[in-house]
Amino acid sequence: MAGRINDDDVKAVRDAVPIDAVVSEYLQLRNAGGGNLKGLCPFHDEKSPSFQVSPSKGLFHCFGCQEGGDTIAFVMKIDHLQFSEVVERLAAKAGITLRYEEGGYNPSHQRGERIRLVEAHKAAAQFYVEQLDGPEAEIGRKFLAERGFDQAAAAHFGVGYSPAGWDHLTRYLRGKGFSDKELIASGISQDGRRGPIDRFRGRLMWPISDTAGDIVGFGARKLRDDDNGPKYLNTPETAIYKKSQVLYGIDLAKKDIAKASRAVVVEGYTDVMACHLAGVTTAIATCGTAFGGDHIKILRRLLMDNGSARVIFTFDGDAAGQKAALRAFEDDQKFAAETYIAIAPDNMDPCDLRLAKGDEAVRDLVEPRTPLFEFALRQIVGRYDLETPAGRAAALDEAAPVVAKIKTGSVQREVAVQLAGFVGILDQEYVVHRVNQLAQWARGRGDQRGPARSSSRAGAQHQQTQPPTGPSGPSGPALNLRSPAHRTERELLKLALQKPALVSPAFDAYGVDEFTAPPYAAVRQCIAEAGGAELGVPETREYLVQVLDATPNETVRKLVTELAVEVFHGKSIDEAYAGEHLVKVRLRAVDRRIDDVQGSLARLGSNVAPDHLAAAQNEVWVLQQYAQSLRNSGADAL
């Protein structure tokens, strides 16, 4: 078993790898104000970005689903890795050598499964690239050349060649220290009669990378007639390769997709290569499966649904291509982007088009031409004889339910009007009414379950209905942001976590009981256990790490990350703003104590002992003087 990673090394990894750089490998981030960044949450479906990243704090938080934490927590969640695996991956990126408390220096056999499988794929990819230069691979080089790809193009996309022998790669990777179990688990090798053999033999090889750029699988193209396998053979489903969750070329295209708010979906590896070489650097392709919901999630995080986003499909114009386009249209409503279809003349794919007519023709092809909904509806309507009333009625019967699935009312009506024109029905309102009836009926059955909604101003609107358990705090009302007291307490905690210099040392003298909401009392307790807000002066990430370490459970931890990245409500976050909130929280606590003492005296009436009465009256007088001083002098009276 691997030893525990040295704490100083974990801290060094956290400090060395900026959280915004890591998160940007998975989704597009934009300025959210206050030094924060925002994007569409990768952990739940949403239309408005409620996922925020604070580079200065090294934290992220989603105000929609409440996921939050630091860089390590983000990678653990999104890639389903263990803590040690994430630290090892980030350390490798930062060039940090990890020390283990019990196991010495990072021996390879101690590393996490995913790390090992990715390393095996990286080594295999390099092996395949080297083999492409050999005599046996002449057939592969000829295949590429016939499709317009030279040596530089092959190198850019990491294209390689798998030797035709039984176990060339398997023996090579064994020599690199990989076990048979790891090679089988990776999908690179498979069981043979006498042990593992190469899965891919005598084929042209394309490495398939995930969004972060790690090679997780391969696509292999048949080259010889005596190869009885399928034309294309992909890596089987493994712990790191899920064909429905990968897009070929996404590692190369993601930055340009985010920058241009445009993605081009093509059908094959050579089509991706042709598009990129022609200047369409936003092209990606699925890997042996239909374009589906998980692929949409990947693109949406990059496109960020900003209103001008475009997704262009370049399916072939044959029957199979039309069928693929209709399948894509079924998922169209999962995009906020506008979707189009582009079909080349003579039904050529981008690779063939580039060969026949050059790079400019490929660039022209993907300029948005036909909206996907229009193409899909015309394909449906085109199957019927529209010269007869029966044909028009049948076409409407099939097409209207498709239009009814459009969730935006104004768009649904506009498409319904267009459908009337496609079918040849003069009474547009009849078609609109028919579509609307179908949509209402579907909603009544509960068929239209949209993605979870959240507000980009989630910090102002989010309500946490379940108070966290953990550090004992005062009993009080449930967290309600309509309460002025709770809003003030929340803002003060945000100051203590994000701007501790503005509230320290006064904040550290505040008791847990001064926070009326149990969730906020729990956070106040965590700050105290971490050493107080004074520990954050000057501001360091280590302060927040210690507060997070003091949280008793995941609920409190998520609230801490939420408060640590949420924007402030004030225009100027300065000493005056901090003093105002310090005073409000303290003043409410003083007024509550006065009410408690006076209420207790009223309940006891004449039964109160004289000395107790005198002490209580004196306490009330002192508290009233203090309250008046707070009202008159503000923070100077603290």
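Select R116 to begin: in this predicted model, the residue counts as buried, at 6% relative accessibility. Add E182 to the selection, and a salt bridge between the two side chains appears, at 2.9 Å from N to O. The pair links distant parts of the chain, with E182 in helix α9 (residues 180-186) and R116 in helix α5 (residues 113-131), 66 residues apart.

**Further salt bridges**

The structure holds 32 salt bridges. Select K558 and E67 next; their side chains meet in a salt bridge of 3.8 Å, N to O. Here the two residues are 491 residues apart: K558 belongs to helix α25 (residues 554-565), while E67 is in the loop between β4 (59-62) and β5 (68-70). E67 counts as buried, at 16% relative accessibility.

Proceed to R631 and D591, whose side chains form a salt bridge at 3.1 Å, N to O. This pair joins helix α27 (residues 610-633), which holds R631, to helix α26 (residues 575-604), which holds D591, across 40 residues. Both partners may be coloured by accessibility: R631 is partly exposed at 47%, and D591 is partly exposed at 25%. Then select R490, E491, K494, E562 and E566 together, as salt bridges with shared partners join these residues into one network.

**Strands β9, β10 and β11**

Display residues 215-222, which make up strand β10. Is this strand largely enclosed by the rest of the structure or not, and why? Because 7 of its 8 residues are buried, β10 is largely enclosed by the rest of the structure.

Add strand β9 (residues 203-209), which runs antiparallel to β10 and is joined to it by 7 bridges. Within this pairing, M205 stands opposite A220. The two strands form a hairpin with 5 residues between them, and G213 in the turn has a positive phi of about 95°. Now add strand β11 (residues 232-234), which pairs with β10 in the antiparallel sense over 3 bridges. In this second pairing, G219 of β10 stands opposite N234 of β11.

**Aromatic rings**

Remain at β9 and select W206, a buried residue with a relative accessible area of 0%. The structure holds 17 aromatic pairs. In one of them, the ring centres of W206 and Y269 are 5.4 Å apart and the planes are at 20°, so the pair is stacked. W206 lies in strand β9 and Y269 in helix α11 (residues 269-277), so the contact ties together parts that are 63 residues apart in sequence. Y269 also counts as buried, at 4% relative accessibility.

Select Y26, F43, F51, F60 and F74 for a cluster linked by ring pairs. Two charge-over-ring arrangements may follow. The charged end of R147 sits over the ring of F143, 3.6 Å from its centre. Likewise, the charged end of R586 sits over the ring of Y510, at 4.1 Å from the ring centre.

**Cysteines**

Finish with the cysteines. How many disulfides does the structure hold? The count is 0. Select C62, which is in no disulfide; its nearest cysteine sulfur, that of C41, is 3.6 Å away, whereas the cut-off for a disulfide is 2.5 Å. C62 is buried, with a relative accessible area of 0%. Then select C351, also in no disulfide, with the nearest cysteine sulfur, that of C275, 9.3 Å away. C351 is buried, its relative accessible area being 3%.

Technical notes. Residues numbered from 1 in each chain as written. Predicted model: local features only at pLDDT ≥ 70, side-chain atom pairs only at ≥ 80, totals over all residues. Heavy atoms only, no water. Buried < 20%, exposed > 50% of the residue type's maximum accessible area, 1.4 Å probe, protein only. Helix = DSSP H or I, 4+ residues; strand = E, 2+ residues; numbered from the N terminus. Pairing = 2+ DSSP bridges. Salt bridge = Lys/Arg side-chain N within 4 Å of Asp/Glu carboxyl O. Phe/Tyr/Trp six-rings, centres within 6.5 Å; stacked < 30°, edge-to-face > 60°. Lys NZ or Arg CZ within 6 Å of the ring centre and 35° of its normal.
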